[in-house]
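Here are my notes on this one, jotted down while going through it. Have a look at the structure first, then read on.

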2 protein chains.
Amino acid sequence: MIKPDLTEYFVSTEILAQGKLLTVNCDQVRLANGHLTEREYVIHPGAVIIVPILANGNVILERQFRYPLRLVFIELPAGKIDANEDVLHTGQRELLEETGYSANEWVRLGQTHPCIGYSNEVIHIYLARSLIAGKHQRDADENLEVFELPFAQCLNMIVQGEITDGKTIAALFLAAQFLKSESAHG
Amino acid sequence: MIKPDLTEYFVSTEILAQGKLLTVNCDQVRLANGHLTEREYVIHPGAVIIVPILANGNVILERQFRYPLRLVFIELPAGKIDANEDVLHTGQRELLEETGYSANEWVRLGQTHPCIGYSNEVIHIYLARSLIAGKHQRDADENLEVFELPFAQCLNMIVQGEITDGKTIAALFLAAQFLKSESAHG
């Protein structure tokens with residue numbers, strides 16, 4: 001059996017929208033069957049999400065109002081990669097800025113693609129331990145609340161529908177698997 | 001301690017982009033501290049993702065090229081909600097169209113928000129069992145490959161980084177918890 005060619009080939013591109021936050025491209029593409037079609041998608045610089053775990057096993061979380069859904073979400077600390085910034089540095093910078101914590105141990109857990117249908121965003125996932133509390137660097141317009149919960153309770157809140165943020169679910173799942181394999185081999 | 005007001009209040013809206021697929025709004029909002037700022041975000045009709053499980057325990061998956069990332073992804077069947085469509089019906093329609101399967105048992109597992117920073121998309125998650133194979137209804141331009149894998153292998157592929165699609169990770173996690181609780185009570 002010959003595998004189907006799933007690839008879509010670039011023909012041309014134009015900028016559909018250029019906002020302050022979002023750039024949206026519309027590309028003309030050629031499908032494997034020769035047909036031409038269009039693909040509209042958000043251009044994103046990529047992001048980093050951090051699973052910060054305290055010595056007592058608690059996870060540092062945030063409550064943040066997310067305007068597109070007009071709801072407060074429970075999320076892990078995360079933020080966009082600055083131009084030319086190393087991904088680990090983004091994680092360290094965002095953790096410090098948003099929560100005031102720095103960490104002596106960083107473990108890369110993987111990555112997730114939150115929105116493959118209409119965004120090129122990739123989110124890199126890190127575990128952070130050996131945390132040192134300090135002063136956050138949130139600006140006056142960055143309104144979020146930092147709190148902590150036992151790891152098992154975070155997983156239970158996904159099941160209960162209290163945590164629905166996709167990037168936070170992916171990061172907690174990978175962290176749970178990592179901690180399980182670590183304790184099995186420890 | 002008084003909890004901070006995290007809410008951002010609507011002031012006005014304008015359409016930043018109106019493509020064939022994507023609508024992007026830019027709203028002016030007032031923060032709790034009185035400052036005005038802007039929020040740009042994609043307007044999305046919502047979607048449904050299905051975890052279809054065969055009698056042998058295998059999961060029905062798809063390989064699909066996702067142009068924004070120029071990569072083939074392994075995903076669960078999913079699709080957008082049509083205007084005025086019941087969410088369960090979307091799930092039944094998309095499963096049939098994309099894979100040819102219909103299902104006699106549907107279990108709602110919850111929902112996930114894939115992209116809370118710049119989209120109002122919500123994805124409803126269903127488990128589908130008692131599957132009946134039939135003929136898919138993909139059109140000539142919908143190029144995807146359907147295959148099946150044992151459930152445990154799907155979870156392992158998340159850990160290995162072979163499944164990175166956020167909605168698929170969230171749905172598999174909720175399905176794993178549901179199946180675990182079912183077998184504990186069964």
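1. Let's start with the domains, keeping in mind that this is a predicted model. In chain A, the centres of domain 1 and domain 2 sit 31 Å apart, going by C-alpha atoms. The assignment puts domain 1 at residues 9–43 and domain 2 at residues 47–185.

2. On secondary structure, chain A comes out with 10 strands and 3 helices. What order do they follow along the sequence of chain A? The pattern reads β-β-β-β-β-β-β-α-β-β-β-α-α.

3. A few overall figures for chain A. The C-alpha trace spans about 60 × 50 × 35 Å along its principal axes. Chain A has 186 residues, and 39% of them count as buried. If you take the contacts in chain A with a separation of 6 or more, 59% are between residues 24 or more positions apart.

4. Now for the two chains together. How many residues does each chain bring to the contact? Chain A gives 59 residues and chain B gives 59 residues. On the chain B side, the elements that supply two or more residues include the strands β1 (9–18), β2 (23–30) and β3 (36–43). Strands β5 (58–66), β6 (71–75) and β8 (102–112) of chain B are also on that list, as are the helices α2 (151–159) and α3 of chain B. Which element has the largest share of the side of chain B that touches chain A? That is α3(B), with 7 residues. Sorted by class, the side of chain B that touches chain A has 30 nonpolar, 18 polar and 11 charged residues.

5. The helix pair deserves its own point. Helix α3 (residues 166–185) of chain A packs against helix α3 (residues 166–185) of chain B, with the axes 9 Å apart and at an angle of about 60°. Because of that angle, α3(A) counts as oblique to α3(B). The crossing of α3(A) past α3(B) is left-handed.

6. Who makes that contact? From α3(A) the residues are G166(A), K167(A), I169(A), A170(A) and F173(A). From α3(B) they are G166(B), K167(B), I169(B), A170(B) and F173(B). By class, the contact of α3(A) with α3(B) breaks down into 6 nonpolar, 2 polar and 2 charged residues.

Terms used: Residues are numbered from 1 along each chain as its sequence is written. Chains are lettered from A and ligands numbered from 1 in the order in which they are written. This is a predicted model: local features need pLDDT of at least 70, side-chain atom pairs count only at pLDDT 80 or more; totals for chains, interfaces and linings use all residues. Domain bounds come from an automatic or database domain assignment. Helices (H or I, at least four residues) and strands (E, at least two) are DSSP runs, numbered from the N terminus. A residue is buried if 20 or more other C-beta atoms lie within 10 Å of its own, exposed if 12 or fewer, and partly exposed in between; C-beta atoms are placed from the backbone. Two residues are in contact if their C-beta atoms, placed from the backbone, lie within 7 Å. Axes are lines fitted to C-alpha atoms, for helices over the stretch in contact, and angles run from 0 to 180 degrees between N-to-C directions. Angles under 35 degrees count as roughly parallel, over 145 as roughly antiparallel, 65 to 115 as roughly perpendicular and the rest as oblique. A crossing is left-handed if the near helix is turned anticlockwise from the far one by less than a right angle, and right-handed if clockwise. Ala, Val, Leu, Ile, Met, Phe, Trp, Tyr, Cys and Pro count as nonpolar, Asp, Glu, Lys and Arg as charged, and the others, Gly among them, as polar.
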